Amino acid sequence: MMMQMVLRRIAIGFATLIVVSIIVFLATSILPGDVAQIILGQSATPETLAALRAELGMDLPAYMRYFAWLGNMASGDLGISKAGGATIASLIGGRFGNTMMMAGFVALISIPISIALGLWAAMHPGTWLDRSVTFCTLSLISVPEFFIATVLVLILAVELHWLPSTAYMTGDENFFQLMKALAMPLITLVIVVSAQMIRMTRAGILNVMNSPYIEMAILKGVPKGRIILRHAFFNAIGPIVNVIALNLAYLVSGVVIVETIFAYPGLAKLMIDGVQTRDLPLVQACAMIFCGTYVILILTADVASILSNPRLRQPK
Amino acid sequence: MKDKFTDKPTPEELQYSDLDRAGKHLVDRAVRKGFSRREVLKIMMATGVTYAAASNIFSSGQVAMAQTPKKGGSVRMASNLHGPDDQLDPTLFTSTIDYTRGRTIYNSLVQHSNDLTPQPELAEEFMPNGDATEWTFKIRKGVNFHDGSPLTADDVVYSMNRHLGEESTSVIKAVLSSVKEWKKTGEHECKAIMETPNADLPIVLGIFQTKIVKNGTTGEGNGTGPFTLESFEPGVKSVHKRNENYWREGANLDAIEITGITDPVARVNALIAGDMQLVTQIDGKAFRQVESADGVTLLSTPAALQMGICCLKNTLPGSNDDFVLGMKYIQDRERIVEKILKGKGSLGNDTPVSSAHGPDFCSELPQRAFDPDKAKFHFKKSGISSAEVFVAPVMSGIEDAVLLAQVNCSKIGFDLQVKKVPTDGYWGAVWMQEPVNVVSWNMRPTAQSQMAIQFGPGAAWNDTYWNNDRMGELLVSVLAETDPTKRHAMQCEMQTLIHEGSGMVIPAFSNINDGIADNIMGMPKVPLGQLGACEWPEFIWLA
């Protein structure tokens with residue numbers, strides 16, 4: 001039963017990827033200018049444009065370029081960057097690692113903190129502790145991340161000189177040096193994603209706390225900690241895992257602002273650069289990675305919530 | 001504890017070394033910025049130092065600055081633009097980060113000095129025949145590529161011919177179109193056969209894209225330059241090590257790392273925090289922050305970096321001469337330079353040539369002033385009451401300049417609408433397409449080349465479609481003219497033609513504004529691009 005569901009979801013995932021690739025292809029084609037115009041920029045002349053288009057295979061009709069790309073993709077060949085001439089695999093390789101490393105570190109720090117703080121706040125609803133957590137998270141959700149990042153840089157790098165202002169990696173640093181280089185973007189992202197997860201955890205648990213079976217447990221005299229950890233938490237896992245999955249997917253695909261401010265070479269910035277240079281194979285490859293990440297994470301979250309909730313395991 | 005008042009030397013004996021850190025900083029900055037002796041003395045005397053002491057400090061400070069270059073150390077440079085389209089192929093170089101890498105890895109035939117006279121580089125000698133229809137280049141012997149192979153005329157001819165011909169995708173194809181063909185005439189000699197005579201050819205050959213690569217390659221990081229390429233990740237960074245087998249004295253730095261920080265605030269922060277030693281493109285808003293920070297200097301080089309509004313002459317409203325004149329008179333040029341460019345710029349006179357071009361600049365041409373009455377008169381005469389300008393932030397301050405014109409237009413009852421569009425795709429979709437649009441042009445090495453690309457009849461980038469036959473004649477004949485007085489008269493005639501008749505409004509020129517760490521010495525000041533036109537890698541040293 002479970003297996004069938006997973007297989008069906010994987011098939012839907014692939015269909016989603018194809019649809020997304022078509023939409024991205026069309027959207028990129030609608031943008032003014034093509035890769036040849038962008039490469040030559042202000043220096044373009046009709047002759048050099050024509051020569052470059054022929055060299056890049058841009059003189060083929062759009063649908064043929066799409067199917068050529070799809071064929072290569074199916075055989076595992078991501079293609080060559082139209083703008084720079086490097087292979088897409090080499091452009092993506094290092095940045096994929098960087099993005100995963102950053103997302104991994106942020107997840108390792110923020111998920112335990114968020115769940116602990118969320119539970120803690122839910123165990124003491126209405127107290128000054130709960131209120132201050134709620135106040136802080138609400139304020140942090142409302143502040144855009146570039147503001148948090150810029151304030152951190154001003155204080156920690158420009159004024160105090162404690163941390164570097166950019167996440168510049170030389171490639172041969174030890175773990176401590178790496179942590180120092182990544183500290184600023186890590187702190188920023190932990191603040192941004194934790195706030196939302198804390199609120200979701202707290203809300204999820206409090207929601208379950210109003211249900212009759214918890215009331216029953218309270219009447220039976222079960223200790224509060226046990227009620228929350230043993231009875232409420234497992235029923236609240238579904239929404240919590242989903243918000244964690246969405247935040248992780250955001251860490252992979254949506255952190256372009258943080259990557260830009262800290263000059264961190266990650267995938268999100270690469271995709272924006274690809275769009276700016278109309279570098280279709282590059283944009284497509286990034287879109288596939290992001291879309292794939294969403295599909296996998298949301299599937300994982302759904303499986304987790306089904307496993308945690310016996311009612312969902314049986315079809316109606 | 002020493003009494004810091006009685007311990008001071010008497011003013012007349014005061015030397016550079018006696019100054020406190022802030023004082024040294026002040027003198028260093030002034031000397032390094034190329035302030036004249038008189039200007040530095042004025043600054044110091046304003047702070048209460050006597051004249052004798054001030055001049056003492058100035059001379060000893062100059063000595064301190066003029067130390068012999070030191071070997072060693074490494075720097076990091078952050079450019080304002082980079083991405084997956086970063087190149088190692090010189091014919092496709094389009095941004096400062098490419099130019100800088102080109103300067104570290106490769107060499108050109110000739111090199112620009114600060115005053116833009118061409119200096120021999122890979123060409124030991126270059127001379128034209130009598131009527132400049134042929135140029136002969138003697139190639140330096142004993143020069144090796146990083147892979148060990150020797151440089152010959154074959155490499156030069158191959159590299160230069162990549163800019164010509166139908167298949168060429170070179171970004172400077174149009175600039176080098178006066179050359180018909182490059183020919184090998186010996187193992188270490190080659191000739192440029194000219195389509196049209198060009199006495200300025202060597203100056204043009206000093207630009208960023210003319211780097212010499214190995215025969216049969218597209219560059220690929222194998223050049224004859226002062227640094228070898230250790231690693232290159234497009235859109236991330238590149239690492240360069242000193243080439244110990246360089247054909248001349250060679251670089252002072254051991255290594256250079258070149259990266260990009262696209263966010264202007266982050267770039268300034270990285271400079272001030274010491275993460276980067278050289279950064280390009282400091283925004284006007286950050287001038288004060290950089291100038292007041294410790295350990296860094298704002299490097300502002302006067303240049304003919306053009307801030308322009310193109311009124312296309314082949315369509316309304318630009319085809320109406322009175323509309324264009326109205327647009328020219330409504331520009332509050334003084335205010336643009338003072339307030340928008342924060343003084344780091346110079347007045348434009350609706351020609352692309354500025355005093356940075358040297359003697360070819362026509363200083364006799366009267367400066368057009370802000371005159372709302374004349375503007376009102378011309379707008380009225382044109383019968384046009386509104387127009388739309390397409391504006392993208394193609395250079396710092398250009399949006400503000402157009403908004404200022406909008407306000408001044410509304411005061412005289414003209415409706416100037418501002419249509420803001422993104423820089424992304426601007427050069428293909430808006431520039432040379434929309435009837436009124438903004439433009440920025442980097443400075444070209446000569447007044448003639450600056451005017452030829454933009455105002456030559458039928459030129460590829462004639463961005464106002466202003467075609468003037470007399471202009472076309474002069475652009476050709478000025479290159480063959482050797483008498484300086486006659487040459488200047490021709491230059492003046494061309495600049496006057498553009499000033500009066502073209503569709504180009506040029507209210508101001510911006511300086512090139514970059515930031516460097518205070519311990520960087522020997523910084524070149526070539527005004528053709530950011531950071532001394534990227535000439536620094538071979539020459540700077542760390543104090």
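This report looks at a strand in chain B and at the two domains of chain A, all in a predicted model.

## Strand E12 in chain B

Let's start with E12(B), which covers residues 296–311. Most of this strand is tucked away: 15 of its 16 residues count as buried.

E12(B) has partners to look at, too. One is strand E17 of chain B, residues 504–517, which runs antiparallel to E12(B) and is joined to it by 11 bridges. If you want a spot to check on screen, find B:Ser300 and look across to B:Asn513 in E17(B), which stands opposite.

Another partner is strand E16 of chain B, residues 436–441. Here six bridges make the connection, and the two strands again run antiparallel. For this pairing, try B:Met307, whose bridge partner in E16(B) is B:Ser440.

## Two domains in chain A

Over in chain A, the chain splits into domain 1, spanning 2–74, and domain 2, spanning 88–313. Their C-alpha centres sit 31 Å apart. Where the domains touch, domain 1 of chain A puts in 16 residues and domain 2 of chain A puts in 15.

## The domain 1 side of the contact

So much for the overall layout; now for the face that domain 1 of chain A turns to domain 2 of chain A. The elements giving two or more residues to this side are helix H1 (2–30) and helix H2 (35–40) of chain A. H1(A) supplies the largest share, with 10 residues.

As for chemistry, this side of domain 1 of chain A has nine nonpolar residues, five polar ones and two charged ones.

Notes:
Residues are numbered from 1 along each chain as its sequence is written. Chains are lettered from A and ligands numbered from 1 in the order in which they are written. This is a predicted model: local features need pLDDT of at least 70, side-chain atom pairs count only at pLDDT 80 or more; totals for chains, interfaces and linings use all residues. A residue is buried if 20 or more other C-beta atoms lie within 10 Å of its own, exposed if 12 or fewer, and partly exposed in between; C-beta atoms are placed from the backbone. Helices (H or I, at least four residues) and strands (E, at least two) are DSSP runs, numbered from the N terminus. Two strands pair if DSSP finds at least two bridges between them. Domain bounds come from an automatic or database domain assignment. Two residues are in contact if their C-beta atoms, placed from the backbone, lie within 7 Å. Ala, Val, Leu, Ile, Met, Phe, Trp, Tyr, Cys and Pro count as nonpolar, Asp, Glu, Lys and Arg as charged, and the others, Gly among them, as polar.
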